Amino acid sequence: MTDDAQILIAQLLTHQTLSRDHKLVKRALSDDLFRADLDARLIACGMKLLDNVYADNVTLALARDVEPKIFGAREVWQNNNIGLARDGVALLVVLWALIILPKRERQEAHQRAEEDQNDMFGKEKPMPRAEEASMGISYRSLVADFGEQLGKKTRLDMNLGQLNKLGFIERKGDMIIEGPLLDLMMDTDTLKDRILNGALADIFHRPMPPKAAVIEFPHAE
């Protein structure tokens, strides 16, 4: 008899991400017994299924209580920057703030990317998928607005290429759009206020509160 939980875990390990429309992913998100079996197997390996209703894909991640045993195994905490230097991490946060936060606002308003913001019947529509609500940003605008802060064009291009390979973004001509991992690997609940009111307050033209938490981007190893 085919073990669907085993197959789903193997596929996620092989492909890194799977669409929410994938047959076994849909089952994991709707079948409580199947999800409980899947979670139990992943927990036994120190992992968890990572998904949220705003993203079109799912992936696997380390369980929170296992992270200290992995990244704290040595005297100095090993960061999990997947090879990104400090300016690469900064670029990732900027792209997340410029692409994901506006997309989530549109999704919560049940508004597709091309629709009028003043649609009074928007709330009666189903929440749009990420691909329907995500607009991306112009590469030229990114260079103009953040090139100086993020290492200028040569360094920016190198980091964009790395983020593209890792699955955080995709490039379509001049546009930089959301990749399958951009809305999965960033902890929105933790980062949103810290970013909008702290690290990127000047970008979003918001006054920084006296005790705003400013994010310190880690140095590359």
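In the predicted model, T59 is in contact with L12, Q16, T17, K48, L49, L50, L181, L184 and M185, leaving aside neighbours within four places in sequence. T59 belongs to strand β3. With a relative accessible area of 3%, T59 is buried, since burial requires a value under 20%. One of the residues touched by T59, Q16, also takes part in a polar contact: a polar atom of the T59 side chain lies 2.6 Å from the backbone oxygen of Q16.

Strand β3 spans residues 57-62, and the loop that separates this strand from β2 (47-50) contains D56. The relative accessible area of D56 is 13%, and D56 therefore counts as buried. Apart from residues up to four places away in sequence, D56 touches L18, S19, R20, R129, A130 and E131. Two of these contacts can be described further. For E131, the backbone nitrogen is reached by the side chain of D56 at 3.0 Å. With R129, D56 forms a salt bridge in which the closest N and O atoms are 4.0 Å apart. R129 is located in the loop between α5 (86-108) and α6 (130-133), whereas D56 is in the loop between β2 and β3, so the salt bridge ties together parts that are 73 residues apart in sequence. The two partners differ in accessibility: D56 is buried at 13%, while R129 is partly exposed, with a relative accessible area of 28%.

Side chains of opposite charge can pair when their charged atoms come close. A search of the whole structure finds 16 salt bridges. One salt bridge joins the side chains of D87 and R155, with an N to O distance of 2.6 Å. D87 is in helix α5 and R155 is in helix α8 (residues 152-166), so this pair ties together parts of the chain that are 68 residues apart in sequence. D87 has a relative accessibility of 18% and counts as buried. R155, at 30% relative accessibility, counts as partly exposed.

A further salt bridge is formed by K103 and D183, whose closest N and O atoms are 2.7 Å apart. This pair also links distant parts of the chain, with K103 in helix α5 and D183 in the loop between β6 (175-178) and α9 (188-199), 80 residues apart. K103 and D183 are both buried. Salt bridges also link R20, R35, D39 and D51 in a network. R20 is, in addition, one of the residues touched by D56.

Helix α5 also contains I100. The relative accessibility of I100 is 0%, and I100 therefore counts as buried. Beyond neighbours within four places in sequence, I100 is in contact with L95, E178, L182 and D183. D183 is thus in contact with I100 as well as being the salt-bridge partner of K103. The C-alpha atom of I100 is separated by 9.2 Å from that of Y54, a residue 46 places away along the chain.

Turning to helix packing, helix α2 (residues 23-30) and helix α3 (residues 32-44) pack with their axes 6 Å apart and at an angle of about 100°. The two helices are therefore roughly perpendicular, the category that covers angles from 65 to 115 degrees. From α2, the contact involves L24, R27, A28, L29 and S30, and from α3 it involves D32, F34, R35 and L38. By residue class, the contact of α2 with α3 consists of 5 nonpolar, 1 polar and 3 charged residues. R35 of this contact is also a member of the salt-bridge network with R20, D39 and D51.

Q149 is found in the loop between α7 (139-146) and α8. At 56% relative accessibility, Q149 counts as exposed, since exposed residues are those over 50%. The C-alpha atom of Q149 is separated by 9.3 Å from that of A90, the two residues being 59 residues apart along the chain.

Technical notes. Residues are numbered from 1 along each chain as its sequence is written. This is a predicted model: local features need pLDDT of at least 70, side-chain atom pairs count only at pLDDT 80 or more; totals for chains, interfaces and linings use all residues. Side-chain values use heavy atoms; hydrogens and water are left out. Helices (H or I, at least four residues) and strands (E, at least two) are DSSP runs, numbered from the N terminus. Buried means under 20% relative accessible area, exposed over 50%, partly exposed in between (1.4 Å probe, protein chains only). A polar contact is a pair of N or O atoms within 3.5 Å; within protein, one must be able to donate a hydrogen and the other to accept it, and residues adjacent in sequence count only if both atoms are side-chain atoms. Contact means heavy atoms within 4.5 Å. Axes are lines fitted to C-alpha atoms, for helices over the stretch in contact, and angles run from 0 to 180 degrees between N-to-C directions. Angles under 35 degrees count as roughly parallel, over 145 as roughly antiparallel, 65 to 115 as roughly perpendicular and the rest as oblique. Ala, Val, Leu, Ile, Met, Phe, Trp, Tyr, Cys and Pro count as nonpolar, Asp, Glu, Lys and Arg as charged, and the others, Gly among them, as polar.
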